[in-house]
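Take a moment to look over the protein before reading on. We'll start with its overall layout and then zoom in on a few residues.

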Amino acid sequence: MMDQPDAAALEAAAALLEASQDYRILRRLQPRAPVTAIPEQESRLGLFVDVETTGLDPSKDEIIELAMVPFQYSLDGIIVDVGEPFDRLREPSGPIRASITALTGITDAMVAR
């Protein structure tokens, strides 16, 4: 079994890939403790939504992943709390094209019931 690289090594590798402009690096949203240093003030609830599909044509392509993360933010734009994420895959009526798997990382095996 291979040892996992440390966080600094991973960040250095990600920075190198991003600098080439041939790659785009996605990072997982890490849970964190609520911000408590902000005095009580009015806040709002927001929702990050990510939808992955089998293509761009809504008349024939299907949703294969829905992910959402609720968050609370202050009126001056500071995120003060991040809620429990939701992420579900859905099996489409046909196979996922290779180009969509290359873009999303979602395979037929991942969505199979």
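Three helices and four strands make up the secondary structure here; these are DSSP runs, with helices (H or I) needing at least four residues and strands (E) at least two, numbered from the N terminus. Walk along the sequence and you'll meet them in the pattern α-β-β-β-β-α-α.

Keep in mind that this is a predicted model, where local features need pLDDT of at least 70 and side-chain atom pairs count only at pLDDT 80 or more, while totals for chains, interfaces and linings use all residues. Residues are numbered from 1 along each chain as its sequence is written, and side-chain values use heavy atoms, leaving out hydrogens and water.

How confident is the predictor? Its score for each residue is pLDDT, which runs from 0 to 100. The protein averages 87, and 89% of the residues score at least 70. Among the elements, strand β4 (residues 86-89) has the highest mean, 96, and strand β3 (residues 79-82) the lowest, 84.

Now for what's hidden inside. A residue is called buried under 20% relative accessible area, exposed over 50%, and partly exposed in between (1.4 Å probe, protein chains only). Of the 113 residues, 17% count as buried. In soluble globular proteins, nonpolar side chains tend to be buried together. Here, the largest nonpolar core has five residues: Ile64, Ile96, Ile100, Ile106 and Val111. Such a core is a set of buried Ala, Val, Leu, Ile, Met, Phe, Trp, Tyr and Cys residues joined through side-chain atoms within 4.5 Å. Try clicking on Ile96: setting aside residues up to four places away in sequence, its contacts (heavy atoms within 4.5 Å) include Ile64, Ile106 and Val111.

Next, the aromatic rings. Rings of Phe, Tyr and Trp (its six-membered ring) pair if their centres lie within 6.5 Å; planes under 30 degrees apart are stacked, over 60 edge-to-face, and the rest tilted. By this rule there are two aromatic pairs. In one of them, Phe71 and Tyr73 have ring centres 5.8 Å apart and planes at 40°, so the pair is tilted. Phe71 is buried at 12% relative accessibility, whereas Tyr73, at 28%, is partly exposed. Ring pairs link these two and Phe48 into a cluster.

Finally, find Ser74 in strand β2 (residues 63-74). Is Ser74 buried or exposed? With a relative accessible area of 2%, Ser74 is buried. Beyond its neighbours within four places in sequence, Ser74 is in contact with Gln41, Glu42, Ser43 and Val80.

Terms used. pLDDT = per-residue confidence, 0-100.
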